[in-house]
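The exercises below ask you to read a fold from its sheet outwards, and then to place single residues within it. Work through each task with the structure in view before turning to its solution.

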Amino acid sequence: MDSTAEAQQGVIPARLLRGQKALVTGANSGIGKATAIGLGRAGADVVVNYVAGREAAQEVVDEIVSFGVRAAAYEADVSDEAQVTAMTDRMVEEFGTIDILVANAGLQRDARFTDMTLAQWQKVIDVNLTGQFLCAREATKEFRRRGVVPEVSRSAGKIVCMSSVHQIIPWAGHVNYASSKGGVQMMMQTLAQELAPEKIRVNAIAPGAIRTPINRDAWDTPEASEDLLKLIPYDRIGDPEDIAHAVVALASDLMDYVVGTTLYVDGGMTLFPGFATGG
């Protein structure tokens, strides 16, 4: 762990989420891994979902357990309805309930528009958008069944959709990814509108450039890093822990009146930095 990550550990208040049960999809690497660890550090019991990479998922579980909470790794493809239903049913059986869903699982299949195959388009939509829909639907059923437990949380349940700055920034060569994230934005807002009267809070986080395996080519060399920083007014590339901190706060009662909002965690990438000198 680098010094930045070590320093950021102390940002998450211990036991802020004590007694809550969280499911994080795509949690064996990158943003999902940092988020699952952050939730565990904040006192939540955590289910670490993965579709491949059992050993990596178990390493995340082992770290979470070291905080004195429960954790388990569940294999499931979020784009498969039967697997999502089985995963949530298993979590309710083994952990008692679900209080927090972080719908994080996502992927890219990049190609220029006329070269993109239907399979590339469909895979990204299936995982990034349909996967969030399925996980949110099943979690909501449990939120409704259980209702509000005041000693645990003021909300009946919290859903955090992992989106991207590309829900509003077009991205040539990535039409499937940008379309999926634009869909996440509207899905989140619609769910928030529908579920808020039941004290179910739905929000999203839109990361900017974060140092994760999915975008390694964009930051892994000095030249690439220099080009990327031109798009980030805050002049640093984000770390997965930056997103984890935002998720913990958004899932806590500190943000109980925040409903249907996208929190951009992007170092200012959405501020149109190309216009900083007047355009």
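Helices, of type H or I with at least four residues, and strands, of type E with at least two, are DSSP runs numbered from the N terminus. Thr-130, for instance, is found in helix 5. The model is a predicted one.

**Exercise 1. The sheet**

Task: Work out in which order the strands of the open sheet lie, and which strands stand at its edges.

Solution: Begin with the order, which runs 3-2-1-4-5-6-7 across an open sheet of 7 strands with parallel pairing. Strand 3 (71-75) and strand 7 each have a single partner strand, so these two stand at the edges and one side of each is left without a neighbour in the sheet. From one strand to the next, the twist averages 20 degrees. Finally, look at helix 2 (residues 30-41), which packs on the sheet and touches strand 1 (21-24), strand 2 (45-50), strand 4, strand 5 and strand 6, while its direction makes about 175 degrees with that of strand 1.

**Exercise 2. Strand 5 and its surroundings**

Task: Decide whether strand 5 (residues 157-162) is enclosed or open, and explain why.

Solution: Start with the general rule that in a regular strand the side chains alternate between the two faces of the sheet. In strand 5, Gly-157, Ile-159 and Cys-161 lie on one side and Lys-158, Val-160 and Met-162 on the other, and all of them are buried. The cut-off for this step is a relative accessible area under 20%. Since 6 of the 6 residues of strand 5 are buried, the strand is largely enclosed by the rest of the structure.

Next, take the pairing partners. Strand 4 (residues 100-103) pairs with strand 5 in the parallel sense over 4 bridges, and Ala-103 has Cys-161 as its bridge partner in strand 5. Strand 5 and strand 6 (residues 200-207) also pair in the parallel sense, over 6 bridges, with Met-162 standing opposite Ile-205 in strand 6.

The last step concerns the connections. Strand 4, helix 5 (residues 118-146) and strand 5 form a right-handed β-α-β unit, and a right-handed β-α-β unit is also made by strand 5, helix 6 (residues 175-195) and strand 6.

**Exercise 3. Helix 6**

Task: Find out how far helix 6 reaches and which elements its buried residues pack against.

Solution: Helix 6 has 21 residues and spans 30 Å from its first C-alpha to its last, close to the 30 Å expected at 1.5 Å a residue. For the next step, recall that an α-helix has 3.6 residues a turn, so residues three or four places apart point the same way. The buried residues of helix 6 include Tyr-177, Lys-181, Val-184, Met-188, Leu-191 and Leu-195. The packing partners of the buried residues in helix 6 are helix 5, strand 5, strand 6 and strand 7 (262-265).

**Exercise 4. Two residues in one loop**

Task: For Gln-167 and His-174, in the loop between strand 5 and helix 6, establish whether each is buried or exposed and what its side chain reaches.

Solution: Gln-167 has a relative accessibility of 9% and therefore counts as buried. The side chain of Gln-167 makes polar contacts with the side chain of Ser-163 at 2.5 Å and with that of Tyr-264 at 2.9 Å. Not counting residues up to four places away in sequence, Gln-167 touches Lys-181, Gly-182, Gln-185, Thr-262 and Tyr-264.

His-174, at 13% relative accessibility, also counts as buried, and its side chain reaches the backbone oxygen of Ala-172 at 3.0 Å. Leaving aside neighbours within four places in sequence, His-174 is in contact with Gln-108, Asp-110 and Ala-111.

**Exercise 5. Accessibility and positive phi**

Task: Classify Thr-130, Asp-235 and Phe-272 by accessibility, and state the phi of Asp-235 and of Phe-272.

Solution: Thr-130 counts as partly exposed, at 29% relative accessibility. The C-alpha atom of Thr-130 is separated by 23 Å from that of Ala-34, which is 96 residues apart along the chain.

Asp-235, found in the loop between helix 7 (222-229) and helix 8 (240-251), counts as exposed at 54% relative accessibility. The phi of Asp-235 is near 65 degrees, a positive value in a residue other than glycine. Phe-272 lies in the segment after strand 7 and is exposed, with a relative accessible area of 62%. Although Phe-272 is not a glycine, its phi is positive, at about 55 degrees.

Key:
Residues are numbered from 1 along each chain as its sequence is written. This is a predicted model: local features need pLDDT of at least 70, side-chain atom pairs count only at pLDDT 80 or more; totals for chains, interfaces and linings use all residues. Side-chain values use heavy atoms; hydrogens and water are left out. Buried means under 20% relative accessible area, exposed over 50%, partly exposed in between (1.4 Å probe, protein chains only). Two strands pair if DSSP finds at least two bridges between them. A crossover is right-handed if, with the strands pointing away from the viewer, the path from the first strand over the helix to the second runs clockwise. A polar contact is a pair of N or O atoms within 3.5 Å; within protein, one must be able to donate a hydrogen and the other to accept it, and residues adjacent in sequence count only if both atoms are side-chain atoms. Contact means heavy atoms within 4.5 Å. The expected span of a helix is 1.5 Å times one less than its number of residues. Axes are lines fitted to C-alpha atoms, for helices over the stretch in contact, and angles run from 0 to 180 degrees between N-to-C directions.
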